[in-house]
Number of protein chains: 2
Amino acid sequence: MKKGHQVTMKEIAKKLGVSVSTVSRALKDSPELHEETKRKIVEAAKEMNYQPNLLAQSLRISRTKTLGVIVPEITSHFFASCISGIQDFANKRGYNVMICQSNESIDQEIANIKTLVASQVDALMISLSRETNHYEHLFELYNREIPFVLFDRVQEDIPVSKVTFNDAGGAYQVTNHLLESGCRSIVYVSGPEDLYISKKRKEGYLKALKEYGIEENPEFIKVTDLTEADNIRIAKEIAAMDPLPDGVFCMIDPLAVDVLTYWKSVGIKVPEQIALAGFTNNPTSAVVEPPLTTVSQPGYEMGKLAVSHLLDQLDGLVSDDPISIVLDTTLVPRKSSQRI
Amino acid sequence: MKKGHQVTMKEIAKKLGVSVSTVSRALKDSPELHEETKRKIVEAAKEMNYQPNLLAQSLRISRTKTLGVIVPEITSHFFASCISGIQDFANKRGYNVMICQSNESIDQEIANIKTLVASQVDALMISLSRETNHYEHLFELYNREIPFVLFDRVQEDIPVSKVTFNDAGGAYQVTNHLLESGCRSIVYVSGPEDLYISKKRKEGYLKALKEYGIEENPEFIKVTDLTEADNIRIAKEIAAMDPLPDGVFCMIDPLAVDVLTYWKSVGIKVPEQIALAGFTNNPTSAVVEPPLTTVSQPGYEMGKLAVSHLLDQLDGLVSDDPISIVLDTTLVPRKSSQRI
DNA sequence: GGTGACTTGATGTCCTTTTTTCATGCGTAC
DNA sequence: GTACGCATGAAAAAAGGACATCAAGTCACC
């Protein structure tokens, strides 16, 4: 299959018997040109449906006006929202977006970076994969002076701007909410421990317990790799605890939903026997039965802020010094934690 | 913020005191080159961290190895799945993907096409917006010989390849299922009537009724614009029918969920009073209470097939003649329709 | 010394944009 | 009236990176 021919300046020039540079000047409305010549050229360009070749342009000015985005998976509602925000605000400022997913694999993440860099994107926006536990590829980007920002799944030691949620704060909010609802033995179900958000949310969980004068209990901290199978393993493990805990805080909504679904199948009542809470406020969480208490993380907003800051840096509107943008989360109390 | 400098062939050539063409040949392992020279160049390239400039390459061969994808919205799980499939299989064949969302707006759709074409993508994959009711922009693409395929939300009169689900068949399956479950007065809630899928699913609905010897009743066909407000308006309208219908088939899951949520709030029992079914098999549908009967549409598969066919055409592996790929759907019966 | 094989170099192309150079025409001054 | 200079408009050239094609260089061997 062939692509249709694109009209070039050369052809316009040839048709009108002028030089290519004259055409170029006419199209950018240069003042040092006969009005008449200009008019004729602009008209011909329109008629021939001329579209400047962005490729040639980019090669010349060595800027593609394209951003590369890497997310763990597009099908996650949260990341899809981020992408949506990035898209909208990048487009507003004349940038295109190339999106890749790492599928939670560090190798794929590295491959994506390579591809995007080879495609000469002006900058990158990265949310790290679950697997990412070393960071050479990011330091290399940094050393090669390719601008990038990290969002949501970040690595703290890399000297670039980062956009995160106040994960510790959100976890504190939700744990506190469980405590206030009367829970006293609260399990925290964590994702992979390397993950930034796993750590931060644990911090918030522990802080809330401490403030309530409840001792940290290592047996009340469970770790899943976030696959459905492993989530169910944890759900079983908790169901087998004796006595049952009275509250469970799952690091992320889909995990909570898996746990809830399993418990329903074995007759554990939520919130009567165990209060349950998640994190992220996925659409699913609002419609499960009982509706899931969670913490709202506006992904669209995160994408918007991250891309805006990055473009501000690219365009020299703000300093290049890395900053950290922390977005607030909001507790969304629902029936799954309603014990009073 | 500046971008770090990229190593070019020129620099390698200069450093080693050879010509650029020699470097070029060495890097593509041309046989007409001294092994020793080749080795030296390849080594230097590696050491200097040389990355070919895809932009220049693209300009030269006038192929970018990039596909443009336009979907109504990324945050929809179905379209996210399609994108995921497209991504994976495009990457496998060495293509990148630029994704745009039309936000269900025809103007945005046209703007997206323009941007992607200006970016010299090799081909486009488009799923039409809800608003799209004229097709000049598509015919223009066709006339300019820019390859593209349509998927899911297609327009039948455009002579390009299309990938769709057997929407009529799926709707037939689900309507038939409702009939077999004992329903005799079944409402069909449609999306905007211009929409390909609205029409096709209505076809299937009517066919099933007809086969069961049930007369078509115009009052049993409702139309929503798919906004939450309008969905709830329909839910109210149905709740006010006297007698209540005994089954409702909503054209798409989120619509069914909105309806279900409203009914729950006013005490209408599903499936006891009204059996309910949706279409698409969103993750949400499995976890609502009661779980929603629906029709499964594998989006990942659709993306995969669409992109594979398109690349086959681009690469000349199959004929350019437009074909129509129709994917089968699967009925997913759940509690929301369980009346027997 | 000449021929052929084997390597390497130079140049042109893709397309746009910018810079430099050139040409024309008009005006002024001698 | 001629010559010079300046202003203006337009053409030519160069840059940006990769690569194909054609040209030329070197070496060895007969």
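## Exercises on a predicted protein–DNA model

Q120(A) sits in the loop between helix 6 and strand 3 of chain A. Keep in mind that the whole model is predicted.

**Exercise 1.** Work out what phi Q120(A) has, and whether Q120(A) is buried or exposed.

*Solution.* Start with the backbone: phi of Q120(A) is near 65 degrees, a positive value in a residue other than glycine. For context, most residues other than glycine have a negative phi. Next, count neighbours: 22 other C-beta atoms lie within 10 Å of Q120(A). The cut-off for buried is 20 or more, so Q120(A) is buried. Now look at chain B. Q120(B) is in the loop between helix 6 (106-118) and strand 3 (123-126) of chain B, and its phi is also near 65 degrees. Q120(B) is buried, with 22 other C-beta atoms within 10 Å.

**Exercise 2.** Check the length of helix 13 of chain A against its expected span, then find what covers its buried residues.

*Solution.* Helix 13 (residues 299-314) has 16 residues. The expected span is 1.5 Å times one less than that number, so it should come to 22 Å, and the end C-alpha atoms are indeed 22 Å apart. Buried residues of this helix include G299(A), M302(A), G303(A), A306(A) and L310(A). Their cover includes helix 5 (77-92) and strands 3 (123-126), 4 (148-151), 5 (162-165) and 11 (324-327) of chain A. After the helix comes G316(A), with a positive phi near 70 degrees.

**Exercise 3.** Find the cis peptide bonds that lead into P243(B) and P271(B), and place each proline.

*Solution.* Take D242(B) to P243(B): that bond is cis, with omega near 0 degrees. P243(B) belongs to the loop between helix 10 (228-239) and strand 8 (247-250) of chain B. Then take V270(B) and P271(B), joined by a cis bond with omega about 5 degrees. P271(B) falls in the loop between helix 11 (253-266) and strand 9 (275-277) of chain B.

**Exercise 4.** Describe the contact between the chains and the surroundings of DNA strand C.

*Solution.* The chain contact takes 45 residues from chain A and 48 from chain B. On the chain A side, helix 5 gives the largest share, 6 residues. That side splits into 19 nonpolar, 19 polar and 7 charged residues. Now for the DNA: 23 residues surround strand C, and T8(A), N53(A), A56(A), S19(B) and S21(B) come nearest. Elements giving two or more residues there include helix 1 (9-16) of chain A and helix 4 (54-61) of chain B. By class, this surface has 7 nonpolar, 12 polar and 4 charged residues.

Conventions:
Residues are numbered from 1 along each chain as its sequence is written. Chains are lettered from A and ligands numbered from 1 in the order in which they are written. This is a predicted model: local features need pLDDT of at least 70, side-chain atom pairs count only at pLDDT 80 or more; totals for chains, interfaces and linings use all residues. A residue is near a molecule or strand if its C-beta atom, placed from the backbone, lies within 6 Å of it. Helices (H or I, at least four residues) and strands (E, at least two) are DSSP runs, numbered from the N terminus. Ala, Val, Leu, Ile, Met, Phe, Trp, Tyr, Cys and Pro count as nonpolar, Asp, Glu, Lys and Arg as charged, and the others, Gly among them, as polar. A residue is buried if 20 or more other C-beta atoms lie within 10 Å of its own, exposed if 12 or fewer, and partly exposed in between; C-beta atoms are placed from the backbone. Two residues are in contact if their C-beta atoms, placed from the backbone, lie within 7 Å.
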